Amino acid sequence: MSHSLLDSLHAAVPALRLKTDPGDLEHYGRDWTRRWTPNPLAIALPGSVEEVQAVMRWASEQAVKVVPSGGRTGLSGGAVAANGELVLSLERLNKPLSFDRVDRTLTVQAGMPLQAVHEAAREQGLVYPVDFAARGSCSIGGNIATNAGGIHVIRYGNTREWIAGLKVVTASGELLDLNRALVKNSSGYDLRQLMIGSEGTLGIVVEATLRLTDPPPPSNVMLLALPSFEVLMEVFAAFRQRLQLEAFEFFTDIALRHVLAHGAAKPFEEVHPYYVVTEFAIGDEAGEAAVMAAFEDCMAHGWVSDGVISQSDAQARQLWRLREDITEALAPHVPYKNDVSVRISQMPVFLAQTMQLLGEAYPHFEVVWFGHIGDGNLHINVLKPAGMAQADFVRDCEQVTRLLAQVLKRHGGSISAEHGIGLVKKAYLDSTRSPAEIALMRGIRQAMDPAGLLNPGKLFDP
Ligand code: FAD
Ligand code: MLT
Ligand code: ZN
(Lines give C-alpha, C1' and ligand atoms only; values in the text may rest on other atoms or scores of the structure.)
(Ligands and ions follow the chains in the order given, each with its own letter.)
Protein backbone atom coordinates (compact mmCIF):
# COMPACT_ATOMS: atom_id res chain seq x y z
CA MET A 1 0.00 0.00 0.00
CA SER A 2 2.65 2.53 1.05
CA HIS A 3 4.84 1.48 -1.92
CA SER A 4 2.09 2.14 -4.44
CA LEU A 5 1.23 5.44 -2.75
CA LEU A 6 4.83 6.57 -2.89
CA ASP A 7 5.09 5.45 -6.52
CA SER A 8 2.10 7.62 -7.33
CA LEU A 9 3.65 10.55 -5.41
CA HIS A 10 6.84 10.09 -7.37
CA ALA A 11 4.88 10.06 -10.61
CA ALA A 12 2.97 13.22 -9.59
CA VAL A 13 6.01 15.20 -8.38
CA PRO A 14 9.00 13.57 -10.10
CA ALA A 15 11.76 15.82 -8.70
CA LEU A 16 10.46 15.69 -5.11
CA ARG A 17 13.05 14.64 -2.53
CA LEU A 18 11.67 11.83 -0.36
CA LYS A 19 13.11 10.08 2.68
CA THR A 20 11.90 6.66 3.81
CA ASP A 21 14.78 5.22 5.86
CA PRO A 22 13.62 4.05 9.31
CA GLY A 23 16.04 6.51 10.98
CA ASP A 24 14.58 9.40 8.98
CA LEU A 25 10.99 8.33 9.69
CA GLU A 26 11.81 8.35 13.39
CA HIS A 27 13.71 11.65 13.27
CA TYR A 28 11.06 13.59 11.33
CA GLY A 29 8.06 11.86 12.93
CA ARG A 30 8.45 13.31 16.43
CA ASP A 31 8.91 16.62 18.17
CA TRP A 32 10.40 17.55 21.56
CA THR A 33 7.57 15.84 23.46
CA ARG A 34 8.96 12.39 22.55
CA ARG A 35 5.72 10.88 23.83
CA TRP A 36 4.41 9.26 20.64
CA THR A 37 6.02 6.56 18.54
CA PRO A 38 6.74 8.05 15.12
CA ASN A 39 5.17 6.23 12.20
CA PRO A 40 5.03 8.45 9.10
CA LEU A 41 4.42 7.21 5.56
CA ALA A 42 7.47 9.10 4.30
CA ILE A 43 9.17 12.46 4.54
CA ALA A 44 8.68 14.89 1.64
CA LEU A 45 11.25 17.67 1.35
CA PRO A 46 10.01 20.04 -1.35
CA GLY A 47 12.54 22.45 -2.82
CA SER A 48 10.03 25.02 -4.11
CA VAL A 49 6.57 26.44 -3.45
CA GLU A 50 5.41 24.74 -6.65
CA GLU A 51 6.47 21.39 -5.24
CA VAL A 52 4.55 22.06 -2.01
CA GLN A 53 1.48 22.79 -4.13
CA ALA A 54 1.98 19.66 -6.20
CA VAL A 55 2.34 17.51 -3.06
CA MET A 56 -0.91 18.91 -1.67
CA ARG A 57 -2.74 18.35 -4.98
CA TRP A 58 -1.55 14.75 -4.89
CA ALA A 59 -2.49 14.39 -1.18
CA SER A 60 -6.00 15.69 -1.98
CA GLU A 61 -6.46 13.25 -4.84
CA GLN A 62 -5.16 10.30 -2.83
CA ALA A 63 -6.73 11.36 0.51
CA VAL A 64 -3.32 11.24 2.21
CA LYS A 65 -2.97 13.08 5.52
CA VAL A 66 -0.10 15.55 5.79
CA VAL A 67 1.86 16.83 8.81
CA PRO A 68 3.59 20.19 8.13
CA SER A 69 6.98 20.12 9.81
CA GLY A 70 9.48 22.84 10.78
CA GLY A 71 12.28 22.36 13.29
CA ARG A 72 10.20 19.94 15.45
CA THR A 73 11.14 21.83 18.60
CA GLY A 74 7.42 22.02 19.39
CA LEU A 75 6.37 21.07 22.93
CA SER A 76 2.76 20.03 22.31
CA GLY A 77 3.02 17.18 19.79
CA GLY A 78 1.91 19.39 16.89
CA ALA A 79 4.46 18.04 14.41
CA VAL A 80 4.12 14.39 15.46
CA ALA A 81 3.35 11.91 12.66
CA ALA A 82 2.30 8.67 14.36
CA ASN A 83 -0.46 7.44 12.03
CA GLY A 84 1.00 6.93 8.58
CA GLU A 85 0.88 10.61 7.57
CA LEU A 86 3.18 12.17 5.01
CA VAL A 87 5.53 14.57 6.78
CA LEU A 88 5.97 17.70 4.69
CA SER A 89 9.21 19.24 5.89
CA LEU A 90 9.94 22.86 5.03
CA GLU A 91 13.63 22.48 5.89
CA ARG A 92 14.89 22.96 2.32
CA LEU A 93 12.90 26.19 1.97
CA ASN A 94 15.19 28.04 4.34
CA LYS A 95 16.42 31.16 2.52
CA PRO A 96 15.88 34.89 2.91
CA LEU A 97 14.14 36.19 -0.22
CA SER A 98 14.13 39.97 -0.04
CA PHE A 99 14.45 43.01 2.20
CA ASP A 100 12.50 46.21 1.67
CA ARG A 101 14.19 49.24 3.23
CA VAL A 102 11.15 51.50 2.94
CA ASP A 103 8.65 48.99 4.32
CA ARG A 104 11.27 47.66 6.74
CA THR A 105 10.19 44.11 5.98
CA LEU A 106 12.14 40.92 5.44
CA THR A 107 10.61 38.20 3.30
CA VAL A 108 11.82 34.68 4.04
CA GLN A 109 11.02 31.09 3.23
CA ALA A 110 9.12 29.28 5.98
CA GLY A 111 11.85 26.78 6.86
CA MET A 112 14.35 29.46 7.79
CA PRO A 113 15.61 28.97 11.37
CA LEU A 114 14.71 31.79 13.76
CA GLN A 115 18.36 32.52 14.46
CA ALA A 116 19.07 32.95 10.74
CA VAL A 117 16.14 35.41 10.62
CA HIS A 118 17.76 37.36 13.48
CA GLU A 119 21.06 37.45 11.59
CA ALA A 120 19.42 38.54 8.33
CA ALA A 121 17.61 41.37 10.16
CA ARG A 122 20.83 42.44 11.91
CA GLU A 123 22.60 42.65 8.54
CA GLN A 124 20.08 45.36 7.67
CA GLY A 125 20.71 47.23 10.93
CA LEU A 126 17.31 46.14 12.30
CA VAL A 127 15.92 43.41 14.53
CA TYR A 128 13.26 40.75 14.43
CA PRO A 129 12.37 40.79 18.13
CA VAL A 130 10.73 37.41 18.78
CA ASP A 131 13.33 35.29 20.55
CA PHE A 132 13.69 32.17 22.70
CA ALA A 133 16.10 29.35 23.45
CA ALA A 134 15.13 27.11 20.51
CA ARG A 135 16.21 29.86 18.10
CA GLY A 136 18.91 27.72 16.47
CA SER A 137 16.58 24.84 15.56
CA CYS A 138 13.02 26.15 15.27
CA SER A 139 11.73 27.54 11.97
CA ILE A 140 9.88 30.77 11.31
CA GLY A 141 7.04 28.69 9.78
CA GLY A 142 6.73 26.74 13.03
CA ASN A 143 6.84 30.00 15.01
CA ILE A 144 3.97 31.33 12.90
CA ALA A 145 1.97 28.11 13.17
CA THR A 146 2.25 28.20 16.99
CA ASN A 147 2.17 32.01 17.40
CA ALA A 148 5.38 31.58 19.39
CA GLY A 149 6.08 33.86 22.34
CA GLY A 150 9.40 33.75 24.14
CA ILE A 151 11.42 36.04 26.36
CA HIS A 152 10.62 39.47 24.86
CA VAL A 153 6.83 39.31 24.65
CA ILE A 154 6.53 41.80 27.49
CA ARG A 155 8.14 44.41 25.23
CA TYR A 156 7.32 43.29 21.68
CA GLY A 157 4.38 40.87 21.79
CA ASN A 158 4.05 37.45 20.17
CA THR A 159 4.91 36.35 16.64
CA ARG A 160 1.46 37.58 15.55
CA GLU A 161 2.55 41.22 15.90
CA TRP A 162 5.40 40.82 13.42
CA ILE A 163 3.80 39.14 10.44
CA ALA A 164 3.09 41.59 7.64
CA GLY A 165 2.17 39.00 5.02
CA LEU A 166 2.05 35.26 4.42
CA LYS A 167 2.07 32.91 1.47
CA VAL A 168 0.15 29.77 2.29
CA VAL A 169 -0.54 26.57 0.35
CA THR A 170 -4.03 25.23 1.06
CA ALA A 171 -5.09 21.60 1.46
CA SER A 172 -6.14 21.54 -2.21
CA GLY A 173 -2.82 23.00 -3.38
CA GLU A 174 -3.85 26.60 -4.04
CA LEU A 175 -1.42 29.39 -3.20
CA LEU A 176 -2.81 32.25 -1.08
CA ASP A 177 -0.97 35.58 -0.88
CA LEU A 178 -2.30 37.03 2.38
CA ASN A 179 -2.16 40.77 3.19
CA ARG A 180 0.86 41.42 0.89
CA ALA A 181 2.62 43.37 3.68
CA LEU A 182 0.00 46.11 3.65
CA VAL A 183 -0.01 48.27 6.76
CA LYS A 184 -3.67 49.10 6.29
CA ASN A 185 -6.10 46.62 4.81
CA SER A 186 -9.73 46.71 5.90
CA SER A 187 -11.04 44.48 3.16
CA GLY A 188 -12.75 41.77 5.14
CA TYR A 189 -11.53 38.82 7.15
CA ASP A 190 -7.79 38.81 7.86
CA LEU A 191 -6.86 35.27 6.79
CA ARG A 192 -3.21 35.99 7.56
CA GLN A 193 -4.06 36.33 11.25
CA LEU A 194 -6.24 33.23 11.07
CA MET A 195 -3.24 31.23 9.86
CA ILE A 196 -1.08 32.43 12.76
CA GLY A 197 -1.46 29.93 15.59
CA SER A 198 -3.43 27.44 13.44
CA GLU A 199 -0.85 24.68 14.10
CA GLY A 200 -0.67 23.44 10.52
CA THR A 201 -4.40 22.61 10.42
CA LEU A 202 -5.51 25.30 7.93
CA GLY A 203 -2.64 25.57 5.46
CA ILE A 204 1.09 25.30 4.92
CA VAL A 205 3.03 28.52 5.41
CA VAL A 206 5.63 28.68 2.65
CA GLU A 207 6.76 32.31 2.85
CA ALA A 208 6.49 35.08 5.43
CA THR A 209 7.05 38.81 5.24
CA LEU A 210 8.27 39.92 8.65
CA ARG A 211 8.16 43.39 10.13
CA LEU A 212 11.51 44.51 11.52
CA THR A 213 12.17 47.21 14.06
CA ASP A 214 14.99 49.40 15.38
CA PRO A 215 17.54 47.70 17.62
CA PRO A 216 16.78 48.37 21.28
CA PRO A 217 19.12 50.65 23.21
CA PRO A 218 21.89 48.85 25.13
CA SER A 219 20.38 46.83 27.94
CA ASN A 220 21.40 45.34 31.24
CA VAL A 221 20.44 42.00 32.66
CA MET A 222 19.74 41.61 36.36
CA LEU A 223 19.30 38.47 38.41
CA LEU A 224 17.24 38.87 41.56
CA ALA A 225 16.88 36.40 44.43
CA LEU A 226 13.45 36.33 46.06
CA PRO A 227 12.53 34.98 49.50
CA SER A 228 9.03 33.79 48.60
CA PHE A 229 6.61 33.28 45.78
CA GLU A 230 4.10 35.78 47.20
CA VAL A 231 6.40 38.75 46.52
CA LEU A 232 6.98 37.91 42.85
CA MET A 233 4.32 40.18 41.43
CA GLU A 234 5.33 43.00 43.83
CA VAL A 235 8.85 42.87 42.42
CA PHE A 236 7.42 42.87 38.92
CA ALA A 237 5.31 45.95 39.66
CA ALA A 238 8.27 47.78 41.27
CA PHE A 239 10.52 47.21 38.24
CA ARG A 240 7.86 47.73 35.61
CA GLN A 241 6.82 51.03 37.15
CA ARG A 242 10.32 52.52 36.77
CA LEU A 243 11.88 50.77 33.78
CA GLN A 244 11.12 49.85 30.19
CA LEU A 245 11.33 46.08 30.65
CA GLU A 246 12.57 43.90 27.79
CA ALA A 247 12.08 40.70 29.78
CA PHE A 248 10.87 39.57 33.19
CA GLU A 249 11.32 35.84 33.71
CA PHE A 250 11.14 33.71 36.82
CA PHE A 251 12.36 30.29 37.96
CA THR A 252 12.68 28.32 41.16
CA ASP A 253 15.70 27.00 42.98
CA ILE A 254 14.79 23.49 41.75
CA ALA A 255 15.06 24.77 38.16
CA LEU A 256 18.37 26.42 38.99
CA ARG A 257 19.76 23.21 40.43
CA HIS A 258 19.01 21.38 37.18
CA VAL A 259 20.66 24.13 35.15
CA LEU A 260 23.76 24.12 37.37
CA ALA A 261 23.99 20.34 37.00
CA HIS A 262 23.81 20.97 33.24
CA GLY A 263 26.96 23.14 33.40
CA ALA A 264 25.93 26.73 34.24
CA ALA A 265 27.86 28.84 36.77
CA LYS A 266 26.42 29.38 40.25
CA PRO A 267 25.16 32.99 40.60
CA PHE A 268 25.01 33.42 44.42
CA GLU A 269 26.79 31.76 47.32
CA GLU A 270 23.52 31.33 49.18
CA VAL A 271 20.53 29.35 48.06
CA HIS A 272 17.29 31.27 47.52
CA PRO A 273 13.90 29.73 46.76
CA TYR A 274 13.01 31.93 43.76
CA TYR A 275 14.80 33.95 41.09
CA VAL A 276 13.96 36.54 38.46
CA VAL A 277 15.95 37.42 35.35
CA THR A 278 15.00 40.83 34.06
CA GLU A 279 16.36 42.88 31.18
CA PHE A 280 15.89 46.62 30.62
CA ALA A 281 17.32 49.49 28.67
CA ILE A 282 19.68 51.61 30.75
CA GLY A 283 21.50 54.36 28.96
CA ASP A 284 22.01 57.38 31.16
CA GLU A 285 22.29 58.39 34.81
CA ALA A 286 18.51 58.64 35.15
CA GLY A 287 18.21 55.05 33.94
CA GLU A 288 20.79 53.86 36.45
CA ALA A 289 19.02 55.73 39.22
CA ALA A 290 15.73 54.07 38.25
CA VAL A 291 17.30 50.61 38.52
CA MET A 292 18.76 51.43 41.92
CA ALA A 293 15.44 52.85 43.09
CA ALA A 294 13.56 49.71 42.02
CA PHE A 295 16.14 47.45 43.63
CA GLU A 296 16.30 49.42 46.89
CA ASP A 297 12.53 49.62 47.10
CA CYS A 298 12.33 45.82 46.79
CA MET A 299 15.11 45.30 49.35
CA ALA A 300 13.45 47.71 51.80
CA HIS A 301 10.19 45.77 51.56
CA GLY A 302 11.99 42.44 51.96
CA TRP A 303 10.81 41.36 48.48
CA VAL A 304 14.36 40.79 47.21
CA SER A 305 17.19 39.15 49.16
CA ASP A 306 20.07 39.59 46.71
CA GLY A 307 20.80 40.78 43.20
CA VAL A 308 23.46 40.97 40.54
CA ILE A 309 23.53 43.23 37.49
CA SER A 310 25.50 42.36 34.36
CA GLN A 311 28.75 44.28 33.87
CA SER A 312 29.50 42.89 30.41
CA ASP A 313 27.82 41.11 27.50
CA ALA A 314 29.47 37.89 28.62
CA GLN A 315 27.98 38.22 32.09
CA ALA A 316 24.58 39.08 30.64
CA ARG A 317 24.73 35.88 28.56
CA GLN A 318 25.75 33.92 31.65
CA LEU A 319 22.76 35.23 33.61
CA TRP A 320 20.40 34.48 30.73
CA ARG A 321 21.72 30.90 30.57
CA LEU A 322 20.33 30.29 34.04
CA ARG A 323 16.84 30.82 32.63
CA GLU A 324 17.24 29.75 29.02
CA ASP A 325 18.91 26.40 29.68
CA ILE A 326 16.09 25.06 31.86
CA THR A 327 14.31 23.22 29.02
CA GLU A 328 17.43 21.40 27.87
CA ALA A 329 18.50 20.64 31.44
CA LEU A 330 15.11 19.05 32.17
CA ALA A 331 14.82 17.16 28.86
CA PRO A 332 16.49 13.92 30.12
CA HIS A 333 13.69 13.65 32.73
CA VAL A 334 11.02 13.60 29.98
CA PRO A 335 8.95 16.30 31.71
CA TYR A 336 5.20 16.61 31.52
CA LYS A 337 4.79 20.24 30.53
CA ASN A 338 2.09 22.73 31.39
CA ASP A 339 2.15 26.09 29.63
CA VAL A 340 -0.63 28.16 31.14
CA SER A 341 -1.56 31.83 31.23
CA VAL A 342 -3.89 34.20 33.02
CA ARG A 343 -4.27 37.97 32.85
CA ILE A 344 -1.32 39.52 34.68
CA SER A 345 -3.68 41.07 37.23
CA GLN A 346 -5.00 37.57 38.04
CA MET A 347 -1.52 36.14 38.57
CA PRO A 348 -1.14 36.51 42.36
CA VAL A 349 -4.38 34.71 43.21
CA PHE A 350 -3.92 32.16 40.42
CA LEU A 351 -0.39 31.40 41.61
CA ALA A 352 -1.53 30.90 45.20
CA GLN A 353 -4.32 28.52 44.17
CA THR A 354 -2.14 26.61 41.73
CA MET A 355 0.69 26.25 44.25
CA GLN A 356 -1.75 24.78 46.73
CA LEU A 357 -3.36 22.49 44.17
CA LEU A 358 -0.08 21.14 42.83
CA GLY A 359 1.47 20.84 46.29
CA GLU A 360 -1.37 18.50 47.23
CA ALA A 361 -1.62 16.74 43.88
CA TYR A 362 2.05 16.05 43.22
CA PRO A 363 3.63 15.11 46.56
CA HIS A 364 5.45 12.21 44.88
CA PHE A 365 6.83 14.04 41.80
CA GLU A 366 9.43 16.77 41.37
CA VAL A 367 7.73 19.90 40.00
CA VAL A 368 9.75 22.65 38.32
CA TRP A 369 8.24 26.11 37.96
CA PHE A 370 9.50 28.78 35.61
CA GLY A 371 8.22 31.07 32.92
CA HIS A 372 7.40 34.41 31.39
CA ILE A 373 5.78 35.72 34.51
CA GLY A 374 5.67 39.30 33.20
CA ASP A 375 3.26 38.05 30.51
CA GLY A 376 1.14 36.03 32.94
CA ASN A 377 2.63 32.82 31.46
CA LEU A 378 3.79 30.01 33.70
CA HIS A 379 5.59 26.79 32.72
CA ILE A 380 5.00 23.99 35.20
CA ASN A 381 7.15 20.96 34.41
CA VAL A 382 6.59 17.68 36.24
CA LEU A 383 9.56 15.31 36.11
CA LYS A 384 9.11 11.61 35.51
CA PRO A 385 10.70 9.57 38.29
CA ALA A 386 13.39 7.25 36.95
CA GLY A 387 11.97 3.79 36.47
CA MET A 388 8.33 4.90 36.17
CA ALA A 389 6.61 3.88 32.94
CA GLN A 390 5.91 6.86 30.68
CA ALA A 391 2.24 5.88 30.25
CA ASP A 392 1.64 5.65 34.02
CA PHE A 393 3.39 8.96 34.58
CA VAL A 394 1.36 10.76 31.91
CA ARG A 395 -1.88 9.24 33.23
CA ASP A 396 -1.14 10.55 36.75
CA CYS A 397 -0.22 14.00 35.42
CA GLU A 398 -3.34 14.21 33.27
CA GLN A 399 -5.51 13.84 36.36
CA VAL A 400 -3.84 16.89 37.86
CA THR A 401 -4.10 18.84 34.60
CA ARG A 402 -7.85 18.29 34.71
CA LEU A 403 -7.91 20.08 38.08
CA LEU A 404 -5.55 22.78 36.86
CA ALA A 405 -7.81 23.33 33.84
CA GLN A 406 -10.70 24.01 36.22
CA VAL A 407 -8.68 26.63 38.09
CA LEU A 408 -7.73 28.21 34.75
CA LYS A 409 -11.35 28.27 33.66
CA ARG A 410 -12.35 30.05 36.86
CA HIS A 411 -9.73 32.74 36.15
CA GLY A 412 -10.45 33.03 32.42
CA GLY A 413 -6.95 31.72 31.62
CA SER A 414 -5.53 29.58 28.83
CA ILE A 415 -4.33 25.97 28.84
CA SER A 416 -1.75 26.94 26.20
CA ALA A 417 -0.05 30.32 26.43
CA GLU A 418 2.49 29.86 23.64
CA HIS A 419 3.24 26.21 22.79
CA GLY A 420 -0.04 25.36 21.08
CA ILE A 421 -2.63 22.65 21.72
CA GLY A 422 -1.30 19.94 19.37
CA LEU A 423 -1.91 16.45 20.74
CA VAL A 424 -0.89 17.25 24.28
CA LYS A 425 -3.63 19.64 25.30
CA LYS A 426 -6.57 18.95 23.02
CA ALA A 427 -8.49 17.22 25.86
CA TYR A 428 -8.45 20.55 27.71
CA LEU A 429 -9.31 22.92 24.87
CA ASP A 430 -12.78 23.38 26.35
CA SER A 431 -11.30 24.88 29.51
CA THR A 432 -10.12 27.83 27.42
CA ARG A 433 -12.60 28.00 24.54
CA SER A 434 -16.41 27.94 24.80
CA PRO A 435 -18.49 25.31 22.93
CA ALA A 436 -19.60 28.04 20.51
CA GLU A 437 -15.99 29.02 19.80
CA ILE A 438 -14.92 25.43 19.27
CA ALA A 439 -17.85 24.87 16.90
CA LEU A 440 -16.77 27.93 14.88
CA MET A 441 -13.17 26.73 14.82
CA ARG A 442 -14.32 23.36 13.49
CA GLY A 443 -16.42 25.16 10.88
CA ILE A 444 -13.40 27.16 9.71
CA ARG A 445 -11.35 23.99 9.51
CA GLN A 446 -14.16 22.31 7.52
CA ALA A 447 -14.30 25.26 5.09
CA MET A 448 -10.56 25.35 4.49
CA ASP A 449 -9.79 21.64 4.54
CA PRO A 450 -13.04 19.70 4.02
CA ALA A 451 -11.30 16.32 3.81
CA GLY A 452 -9.33 16.96 7.00
CA LEU A 453 -5.94 16.28 5.40
CA LEU A 454 -3.82 18.86 7.20
CA ASN A 455 -2.42 17.78 10.56
CA PRO A 456 -5.41 15.63 11.51
CA GLY A 457 -6.02 14.99 15.20
CA LYS A 458 -4.12 18.10 16.30
CA LEU A 459 -5.97 20.89 18.10
CA PHE A 460 -9.18 18.79 18.11
CA ASP A 461 -10.22 15.33 17.02
CA PRO A 462 -11.52 15.02 13.46
P1 FAD B 1 7.50 22.35 14.74
O2 FAD B 1 7.71 21.76 16.09
O3 FAD B 1 8.12 21.65 13.59
O4 FAD B 1 5.93 22.47 14.48
C5 FAD B 1 5.09 23.11 15.39
C6 FAD B 1 3.67 23.18 14.79
O7 FAD B 1 3.69 24.03 13.65
C8 FAD B 1 3.15 21.85 14.29
O9 FAD B 1 1.76 21.82 14.49
C10 FAD B 1 3.47 21.86 12.81
O11 FAD B 1 2.60 21.05 12.07
C12 FAD B 1 3.28 23.32 12.47
N13 FAD B 1 4.13 23.83 11.39
C14 FAD B 1 5.48 23.83 11.33
N15 FAD B 1 5.89 24.46 10.21
C16 FAD B 1 4.77 24.85 9.55
C17 FAD B 1 4.52 25.52 8.33
N18 FAD B 1 5.52 25.96 7.55
N19 FAD B 1 3.25 25.75 7.96
C20 FAD B 1 2.20 25.34 8.73
N21 FAD B 1 2.39 24.67 9.89
C22 FAD B 1 3.65 24.45 10.30
N23 FAD B 1 8.03 28.30 22.32
C24 FAD B 1 7.62 29.53 22.67
O25 FAD B 1 6.58 29.99 22.20
N26 FAD B 1 8.34 30.28 23.56
C27 FAD B 1 9.50 29.85 24.09
O28 FAD B 1 10.10 30.53 24.92
C29 FAD B 1 9.98 28.58 23.70
N30 FAD B 1 11.16 28.12 24.14
C31 FAD B 1 11.59 26.90 23.75
C32 FAD B 1 12.84 26.46 24.18
C33 FAD B 1 13.32 25.22 23.82
C34 FAD B 1 14.69 24.78 24.27
C35 FAD B 1 12.52 24.37 23.01
C36 FAD B 1 13.00 23.02 22.59
C37 FAD B 1 11.29 24.80 22.56
C38 FAD B 1 10.81 26.06 22.92
N39 FAD B 1 9.58 26.55 22.46
C40 FAD B 1 9.17 27.80 22.81
C41 FAD B 1 8.71 25.70 21.64
C42 FAD B 1 9.01 25.71 20.12
O43 FAD B 1 10.33 26.05 19.86
C44 FAD B 1 8.06 26.66 19.39
O45 FAD B 1 6.74 26.14 19.51
C46 FAD B 1 8.38 26.87 17.92
O47 FAD B 1 7.57 27.89 17.42
C48 FAD B 1 8.22 25.62 17.08
O49 FAD B 1 8.85 25.83 15.84
P50 FAD B 1 9.30 24.59 14.95
O51 FAD B 1 9.80 25.07 13.65
O52 FAD B 1 10.21 23.70 15.71
O53 FAD B 1 7.89 23.88 14.74
C1 MLT C 1 10.65 28.42 27.80
O2 MLT C 1 10.06 29.43 28.16
O3 MLT C 1 11.79 28.17 28.20
C4 MLT C 1 9.99 27.56 26.79
O5 MLT C 1 8.69 27.85 26.53
C6 MLT C 1 10.31 26.12 26.86
C7 MLT C 1 9.66 25.32 27.91
O8 MLT C 1 8.55 25.62 28.34
O9 MLT C 1 10.27 24.31 28.30
ZN1 ZN D 1 8.19 29.71 27.31
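**Surroundings of ligand 1 and selected surface features**

Helix α5 gives the most to the shell around ligand 1, with 5 residues. The structure is a predicted model. Around ligand 1 there are 36 residues, of which Pro68, Gly71, Arg72, Thr73 and Ser139 come nearest.

Backbone atoms make several polar contacts with the ligand. A polar backbone atom of Gly78 is 3.2 Å from an oxygen atom of ligand 1. For Gly142, a backbone N or O atom lies 3.5 Å from an oxygen atom of the ligand. Gly150 faces a nitrogen atom instead: a backbone N or O atom of this residue lies 3.4 Å from a nitrogen atom of ligand 1. On its own, ligand 1 has 970 Å² of accessible area, and the protein covers 96% of this area. Three elements give two or more residues to the shell: β3, α5 (140-146) and β9 (204-211).

Strand β3 spans residues 66-69. Val66 and Pro68 point one way from the strand, while Val67 and Ser69 point the other way. In a regular strand, side chains alternate between the two faces of the sheet. In β3, the residues on both sides are buried. Pro68 is also among the residues that come nearest to ligand 1. A parallel partner, strand β4 (residues 86-89), is joined to β3 by 4 bridges. Within this pairing, Val67 has Val87 of β4 as its bridge partner.

The loop between α4 (114-123) and α5 contains Gly136. Gly136 has a relative accessible area of 46%. This residue is classed as partly exposed because its value falls between the 20% limit for buried and the 50% limit for exposed. Along the chain, Gly136 and Leu453 are 317 residues apart. Their C-alpha atoms are separated by 30 Å.

A nonpolar patch lies on the surface. Tyr189, Leu191, Leu194 and Ile444 form this patch. Together they have about 410 Å² of accessible area. Leu194 is found in helix α7, which covers residues 191-195. The relative accessible area of Leu194 is 31%. Leu194 therefore counts as partly exposed, between the limits of 20% and 50%. A patch residue needs over 30% relative accessible area, so the 31% of Leu194 meets this cut-off.

Definitions and conventions:
Residues are numbered from 1 along each chain as its sequence is written. Chains are lettered from A and ligands numbered from 1 in the order in which they are written. This is a predicted model: local features need pLDDT of at least 70, side-chain atom pairs count only at pLDDT 80 or more; totals for chains, interfaces and linings use all residues. Side-chain values use heavy atoms; hydrogens and water are left out. Patches are made of residues with over 30% relative accessible area and no salt bridge: like charges are joined within 9 Å, nonpolar side chains (Val, Leu, Ile, Met, Phe, Trp, Tyr) within 5 Å. Accessible areas come from the Shrake-Rupley method with a 1.4 Å probe; for residues, only the protein chains shown count as cover. A salt bridge is a side-chain nitrogen of Lys or Arg within 4 Å of a carboxyl oxygen of Asp or Glu. Buried means under 20% relative accessible area, exposed over 50%, partly exposed in between (1.4 Å probe, protein chains only). Two strands pair if DSSP finds at least two bridges between them. A residue is near a molecule or strand if one of its heavy atoms lies within 4 Å of it. A polar contact is a pair of N or O atoms within 3.5 Å; within protein, one must be able to donate a hydrogen and the other to accept it, and residues adjacent in sequence count only if both atoms are side-chain atoms.
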